[in-house]
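Please open the model in your viewer and keep the sequence panel beside it. The stops below suggest what to select at each point and say what is found there.

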Amino acid sequence: MILKRSLIINILVWTALIVYMVFAVRHCSVRNSGIVCSGLNIVVKDSARYRFVTPQSIEDILKSKGIGYDSVRLDSVNIAGVERALAENPYIKQYKVYTTLNGKLNIELRQRKPLVRIQSDNGYKIYITDDMNVVPVNNFHVDVPVVTGMPQLPFDKDFIGCIFAETDGEKKSDENNDFIHNLINFVNFLNNSTFWSAQIVQINVISGNQIELVPRAGDQIILLGELDGYKARLDKLMKFYTKGLPYEGWNRYKYIDLRFKDQVICRT
């Protein structure tokens with residue numbers, strides 16, 4: 001008897017909650033239907049670090065798409081259109097679009113984080129981001145390692161999007177996928193090292209995807225060679241920095257070759 005009474009009470013409580021929730025949703029819908037949009041509120045969460053997009057540029061995008069909001073009823077604002085416009089912007093990683101009872105159309109967003117800039121002799125002017133997307137270089141400068149020279153990349157110069165995405169069931173290119181994987185791993189290694197992230201300012205790609213490094217300290221070019229096994233070669237360079245250069249002087253050598261096992265070959 002007690003169990004039956006408890007079950008009836010639970011059913012009544014849940015029924016009351018469901019009725020209340022339905023009423024609340026309908027009440028809010030009725031209230032929203034009479035509210036006119038009084039403006040746009042845009043928050044770029046990481047604007048202190050990156051300025052690929054700004055509130056003004058987002059407003060300009062919405063205008064170019066013909067998406068109106070001023071003096072439009074909140075329930076008539078084209079939220080889906082706003083979301084599509086934001087999704088098309090390669091610099092935007094995450095976004096949230098919603099309206100509030102004070103009449104505002106709200107947009108919150110985060111930008112993609114650049115990992116490396118490629119500004120090459122063979123026509124690439126792009127950033128690769130930490131979520132493996134290719135975005136164009138724009139007027140905003142980001143202090144990240146720069147890749148120059150002639151990198152052979154597995155996508156066209158005008159490509160924008162995820163590096164490893166598939167198109168019509170096929171990769172954009174079957175060539176040089178290993179190189180871009182290794183390059184990204186190498187850049188991540190540099191960025192995660194206090195010393196190397198400060199020391200290496202440029203990665204130059206020469207024939208055969210061989211790597212030259214341009215250091216911040218020292219007047220020399222460092223020939224790293226292929227990216228396979230780069231950690232052992234950088235360890236060898238670190239030993240040379242700590243045990244050899246203090247006696248020889250940082251600017252004595254113009255070219256340091258790390259390609260050969262257990263050797264550091266220097267040329268003046």
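## A tour of the fold

Begin by colouring the protein by secondary structure, which comes to seven helices and 15 strands, and bear in mind throughout that this is a predicted model. With the whole protein still selected, note that buried residues make up 38% of its 268 residues, and that its accessible surface comes to about 15700 Å², of which 52% belongs to carbon and sulfur atoms. Among contacts between residues at least 6 apart in sequence, 55% join residues at least 24 apart.

Next, select the open sheet, in which 10 strands follow the order S8-S6-S5-S4-S7-S11-S12-S13-S14-S15 with mixed pairing. At its edges stand strand S8 (161–162) and strand S15 (265–267), and because each has a single partner strand, one side of each is left without a neighbour in the sheet.

Stay with the sheet and add helix H6 (residues 230–243), which packs on it and touches strand S12 (210–215), strand S13 (221–225), strand S14 (255–257) and S15, while the direction of H6 makes about 150° with that of S13.

Now select strand S4 (residues 114–119) together with strand S5 (residues 125–129), which run antiparallel and are joined by five bridges; within this pair, Ile118 stands opposite Ile126 in S5.

Finally, show two cysteines, Cys37 and Cys266: which of them is buried, and which is partly exposed? Cys37 counts as buried because its relative accessibility is 4%, under the 20% cut-off, whereas Cys266, at 24%, counts as partly exposed. A search of the whole structure for disulfides finds zero.

Definitions and conventions
Residues are numbered from 1 along each chain as its sequence is written. This is a predicted model: local features need pLDDT of at least 70, side-chain atom pairs count only at pLDDT 80 or more; totals for chains, interfaces and linings use all residues. Side-chain values use heavy atoms; hydrogens and water are left out. A disulfide is a pair of cysteine sulfur atoms within 2.5 Å. Buried means under 20% relative accessible area, exposed over 50%, partly exposed in between (1.4 Å probe, protein chains only). Two strands pair if DSSP finds at least two bridges between them. Helices (H or I, at least four residues) and strands (E, at least two) are DSSP runs, numbered from the N terminus. Contact means heavy atoms within 4.5 Å. Axes are lines fitted to C-alpha atoms, for helices over the stretch in contact, and angles run from 0 to 180 degrees between N-to-C directions. Accessible areas come from the Shrake-Rupley method with a 1.4 Å probe; for residues, only the protein chains shown count as cover.
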